[in-house]
Structure formats: C-alpha cells, structure tokens
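Please look through the sequence and the structure shown here before reading on. The paragraphs that follow take one part of the fold at a time and end with a set of annotated positions.

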Amino acid sequence: MYATQSAQTKGREYASQMDANDPLKSFRTEFLIPYKPKSRPQPKRTATRIASHLSAWATRGVLGHFTEHEGSDLPPFLDVDNAAARLMAPLVGAAASEVAVMETLTANLHLLMASFYRPNQEKYKIIIEGKAFPSDHYAVESQIRHHGFDPKQAMVLIEPEDPVAATISTSHILSVIDKHASTTALVLLPGIQYYTGQYLDIKAITAHAHGHGLLIGWDLAHAVGNVDLRLTEWDVDFAAWCNYKYVNSGPGAIGGLFVNSRHGQVDVSAIKNGADGFRDRLCGWWGGDKAMRFDMGNDFVPIPGAAGWQVGNPSALALTAVIASLEIFALTDMATIRAKSMAMTSYLENLLLHPPSASSCYNKELPYRIITPSNQEERGAQLSVRLEPGLLEGVMSFLEDAGVIVDERRPDVIRIAPAPLFNTFNEVWDFANIFTSACSEAQSGTVHGNEQAVTLKGQDRKGWAEIK
Ligand SMILES: Cc1ncc(COP(=O)(O)O)c(C=O)c1O
C-alpha cells in the first residue's frame with residue numbers, strides 16, 4: 001500500500017548520528033571517490049602499491065622475482081600469489097592454504113569443474129539455478145558437452161517457485177537436490193544471487209548436498225567482501241569469485257578460488273610410487289611445488305591446497321592491485337563490515353518503503369517493489385528494486401543527471417548496494433530523496449530516458465499486476 005512519510009521514516013538526523021558513530025568512518029579516506037562512479041571507487045593504496053611494484057621492476061628487473069624489495073611491503077614477485085591468498089582468506093572464512101588468487105571467475109569455474117565434475121553414466125547431472133549468471137550457465141553447459149553429455153538431460157535448472165517474486169526458498173532448493181540426487185554429479189549455486197540479491201543458506205544447502213554424497217560449489221561473485229563467509233566451517237567443497245565488486249580491486253581484477261583442504265591434499269610418496277596422490281585437475285607449472293618449479297622436470301607434484309590449482313605465471317602487477325585493496329580489509333574484519341552493511345541496507349529499505357517525500361510525489365502506491373528478501377540474514381548489501389513498467393529509462397536518466405550510478409537489469413530492475421567501506425548513511429538518505437524524485441518525475445512523464453530502449457511487453461505488465 002501507499003506509504004506516506006511517517007514516524008517510521010528515519011531522516012537525516014538518524015543518518016548523521018549513524019555516521020558519527022560509525023566504526024568504519026575513517027575508511028572512506030582510503031578511497032578516491034569519483035563524482036560519477038562508473039565502477040567501484042579506487043583504493044588510494046592501489047596507486048602507491050603499483051608504483052612500488054613498477055619501481056621494483058624498473059630497478060631489479062627479473063631479479064625482482066627472488067629478492068625482497070627494500071622500502072616496500074611488497075614480497076618478491078614469485079610470492080605475490082601467496083601474499084594475496086593470505087590477505088584474501090579472512091574474507092571467505094578459510095585457511096590461507098585453501099585460497100588462491102588467480103585467473104577470472106569463469107576461468108576458475110572451469111578449472112574447478114575440471115576437478116569436481118567427473119560424470120559417469122549413472123551420475124552426470126549438474127544442478128544450477130535457472131537464472132544463473134549467463135557465464136555460469138555457459139560454463140556448466142559447455143562442461144556437460146565436453147564430457148559427451150546432453151545439457152537437456154544433464155542440466156537441472158532450479159526455477160523460483162513464484163517467477164514474479166524471483167527468489168528461491170531453501171526448501172525448494174533442497175527438494176530439487178532430493179529429486180535428482182541419484183543422477184547428479186555436482187551442485188553449483190550462487191552465494192548471493194546477482195539479480196535478486198538473495199543470500200542463500202550456504203551452510204544448510206551444503207550439508208544437504210553432502211547428505212546425498214554430492215559435491216557442491218559456490219559462485220561468490222556477489223558475496224565476497226559483502227557478507228561474513230565461513231567456507232571452512234560450512235564445509236564447502238569449492239568456490240570461486242571475482243574481486244572487482246565488493247573487493248574493489250579494479251575492473252577485470254584477478255579473481256579467487258577456494259578448495260576445501262580435504263580436496264587439496266597431496267600424497268608425495270604415492271606420487272613417487274606412480275600412484276595418483278592428488279585430486280585430478282588441469283595442471284600447469286604454477287600449481288607445482290615451488291621448490292621444484294625451476295627444475296624443469298616432467299613430474300608434476302602440486303602445491304598442497306588451493307595454490308595447486310594455479311596454472312600459469314600470474315601478473316604480479318595485477319596481483320598487486322588486489323593486494324592493495326585487500327590491505328584495507330585487513331584493517332578491520334568482515335563481522336564489522338557486515339554489521340555496518342546490515343544497518344545501512346536496512347536504512348535504505350526503510351527509506352524506500354517510507355519515502356522521505358512520498359505524499360507529494362507518487363500517485364497512489366509506491367511505483368516499485370523490493371524483490372530482495374526483507375530478512376537481513378537472507379541478503380547482503382544489495383537491494384533489487386523492481387520498477388513499475390515504463391519507469392526504468394526515466395529513473396536511470398534522472399539518477400545519472402544527479403550523479404548517482406546504480407545498476408540496471410532490464411526490463412525493470414535496478415540494484416542498489418550501499419558499500420560499508422566507503423558509503424555513509426547520509427549518502428543513503430540523499431539517494432532516497434533523489435530516487436523519490438526520479439520515480440515521481442518518471443511517473444509524471446517529465447523525464448524520459450531512451451524511448452527506444454523501453455520495451456513494455458504484455459508479459460511485463462502482467463508480472464507487475466501479479467505482484468501487487
Ligand atoms: C555471478 C557472476 N558469475 C560470473 C561472472 C563472470 O565473471 P568473470 O568475467 O570474472 O569471469 C560475474 C560477473 O559479473 C558474475 O556476477
């Protein structure tokens with residue numbers, strides 16, 4: 001129903017009070033905040049660390065691989081990967097040896113599936129969600145084909161019970177696993193669903209999959225640096241993520257993966273006796289024992305743990321950018337970040353449900369619905385807002401003119417994610433006011449976006465009517 005400005009609305013005073021008491025308030029000074037951020041703000045440390053790297057490279061050349069760099073915290077180039085893994089591990093709740101900072105998310109999913117998807121005639125299916133991020137869908141589909149199976153039979157897509165609400169209940173996920181368990185080889189799910197912002201119950205779903213003897217992996221693109229992950233404690237088999245969202249490492253930054261320690265064990269004596277000794281994988285020299293790396297032998301002995309999944313020599317320059325942003329996380333912890341994030345996103349939700357100046361703006365009802373779960377435990381920083389049909393272009397155009405960049409998912413969803421490391425409660429308040437104006441202007445038709453792009457299919461209108 002229509003929500004007027006009410007006693008429930010927490011205003012500017014609340015925002016200022018929260019900002020004044022924010023334990024992370026000094027963290028904003030760690031970032032360069034662009035006026036119109038097209039991507040995440042840049043950590044100031046990135047330029048400092050990259051400059052140190054360039055200087056080490058210029059003065060030491062190839063010897064920089066092996067020597068400590070005076071006057072800099074940077075490790076020898078050969079150990080930059082280890083340093084990155086040590087800093088990354090607390091963000092995902094894992095031992096450093098269970099984490100590798102490497103490649104991109106999609107490449108890592110392939111490398112991990114090469115190890116963890118070993119189908120046979122009885123068990124060959126992969127269970128994923130029907131609305132998986134397209135790259136995950138393509139990766140899974142191609143893995144299935146690669147093993148000679150037909151995705152039509154081997155790909156199980158979990159669809160939301162209610163397509164309009166778009167979220168998926170844990171019980172529904174568990175029931176799909178139950179139904180296909182006897183023919184399934186792998187389950188691959190998102191920690192936080194990119195479209196709805198729903199945070200799945202990783203612990204419960206992992207335990208359930210294990211109860212059926214199934215391996216389960218997680219795409220943590222939208223969860224890492226956002227929520228307080230406990231991958232070791234939750235006994236996750238494997239996971240992969242990118243570092244260019246909440247981890248602020250820059251566009252196309254090197255990603256990361258987690259491999260549970262029980263899958264990363266290496267039995268050197270077995271290898272010497274010609275037996276397997278380690279979980280099968282796609283191998284490359286960078287995953288091999290560092291002590292033997294330059295021996296140029298043909299016997300592959302992996303580094304125990306996730307580092308053994310590395311394939312080629314990573315860019316020390318690119319890893320240095322990841323390290324710079326991870327150093328900021330090391331100044332605090334995920335519990336503190338998550339606590340502020342929950343408070344900020346709840347504040348945003350409160351303002352969206354009880355808009356600051358709604359009475360003068362909206363016709364009768366709010367022209368949007370929040371599709372992200374209202375339970376804080378079932379979401380991270382992000383709220384996905386589904387706009388009334390026809391408003392997206394006008395709203396986006398108004399927001400952009402006001403210097404606010406949010407993410408759009410056509411035809412009608414915008415994703416808003418206040419980031420606890422650098423956003424303030426006052427900015428959330430400002431955003432809510434600008435967003436209210438954007439909606440009312442778009443509703444009254446005084447602001448238009450690119451009309452060409454507005455495609456209002458009958459289906460979209462029907463969907464909107466159903467959720468009211
Ligand atoms: C959920 C999810 N999976 C996969 C990807 C693809 O990541 P990459 O381009 O690093 O492979 C993304 C990128 O945004 C994503 O959000």
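**A sheet, its helices and the annotated sites**

This is a predicted model, and a convenient place to enter it is strand β12 (residues 407–409), which runs antiparallel to β13 and is joined to β13 by 3 bridges. The connection between these two strands is a hairpin, in which 3 residues lead from β12 to β13. Within this pair, Asp-407 stands opposite Arg-415 of β13, while Glu-408 has Ile-414 of β13 as its bridge partner.

Strand β13 also pairs with strand β11 (residues 383–387), again in the antiparallel sense, and here over 4 bridges. One of the positions to find in this pairing is Arg-386, whose bridge partner in β13 is Val-413. In general, strands of a sheet pair through backbone hydrogen bonds, in either a parallel or an antiparallel arrangement.

Taken together, these pairings belong to an open, antiparallel sheet of 4 strands, which are arranged in the order β10-β11-β13-β12. The edges are formed by β10 (368–370) and β12, each of which pairs on one side only. From one strand to the next, the twist of the sheet averages 25°.

Helix α12 (residues 392–401) packs on this sheet, where it touches β11, β12 and β13, and the direction of α12 makes about 35° with that of β13. A further helix, α13 (residues 425–444), lies across β10, β11 and β13, and runs at about 15° to β11.

What becomes of the two faces of β13 in this arrangement? Both are covered: Val-413 and Arg-415 on one side are buried, and so are Ile-414 and Ile-416 on the other. The reader may wish to note that Arg-415, the residue opposite Asp-407, is thus among the buried positions of this strand.

Helix α12 contributes buried residues of its own, namely Leu-392, Glu-393, Gly-394, Val-395, Met-396 and Leu-399. The elements that cover these buried residues include the strands β11, β12 and β13 as well as helix α13. Just after α12 the chain reaches Gly-403, which takes a positive phi of about 80°.

One residue to follow in helix α13 is Ile-434. Leaving out residues up to four places away in sequence, Ile-434 touches Phe-398, Leu-399, Ala-402 and Val-404, and of these Leu-399 is one of the buried residues of α12. Ile-434 itself has a relative accessible area of 23% and is therefore partly exposed, since the cut-off for a buried residue is under 20%. Although Ile-434 and Pro-356 are 78 residues apart in sequence, their C-alpha atoms are 9.9 Å apart in space.

Helix α13 also meets a helix from the beginning of the chain numbering, α1 (residues 12–20), and the axes of α1 and α13 come within 7 Å and cross at roughly 155°. The two helices are therefore roughly antiparallel to each other, because an angle over 145 degrees is counted in that way. On the α1 side the contact is made by Arg-12, Tyr-14, Ala-15, Ser-16, Met-18 and Asp-19, and on the α13 side by Phe-425, Asn-426, Trp-429 and Asp-430. Sorted by class, this contact has 5 nonpolar, 2 polar and 3 charged residues.

The last topic is an annotation from a record. An unreviewed UniProt entry carries the annotation "binding site" for Leu-105, Thr-106, Phe-133, Pro-134, Ser-135, Asp-136, Asp-219, His-222, Tyr-244, Trp-285 and Asn-313. These positions span 209 residues in sequence, and the farthest two C-alpha atoms among them are 30.7 Å apart, so they do not all gather at one spot.

Two of the annotated positions can be followed in more detail. Leu-105 lies in helix α4 (residues 105–116) and is buried, with a relative accessible area of 9%. Apart from its neighbours within four places in sequence, Leu-105 is in contact with Asp-219, Ala-221, Ala-240, Trp-241 and Cys-242, and among these contacts Asp-219 also carries the annotation. Asn-313, by contrast, is placed in the loop between α9 (268–272) and α10 (316–330), and with 45% relative accessibility Asn-313 counts as partly exposed. When residues up to four places away in sequence are set aside, Asn-313 touches Trp-285 and Trp-286, and Trp-285 is likewise one of the positions named in the UniProt annotation.

Conventions: Residues are numbered from 1 along each chain as its sequence is written. This is a predicted model: local features need pLDDT of at least 70, side-chain atom pairs count only at pLDDT 80 or more; totals for chains, interfaces and linings use all residues. Side-chain values use heavy atoms; hydrogens and water are left out. Buried means under 20% relative accessible area, exposed over 50%, partly exposed in between (1.4 Å probe, protein chains only). Two strands pair if DSSP finds at least two bridges between them. Axes are lines fitted to C-alpha atoms, for helices over the stretch in contact, and angles run from 0 to 180 degrees between N-to-C directions. Contact means heavy atoms within 4.5 Å. UniProt positions are given in the numbering used here, feature names are shortened, and annotations may be inferred rather than shown by experiment. Angles under 35 degrees count as roughly parallel, over 145 as roughly antiparallel, 65 to 115 as roughly perpendicular and the rest as oblique. Ala, Val, Leu, Ile, Met, Phe, Trp, Tyr, Cys and Pro count as nonpolar, Asp, Glu, Lys and Arg as charged, and the others, Gly among them, as polar.
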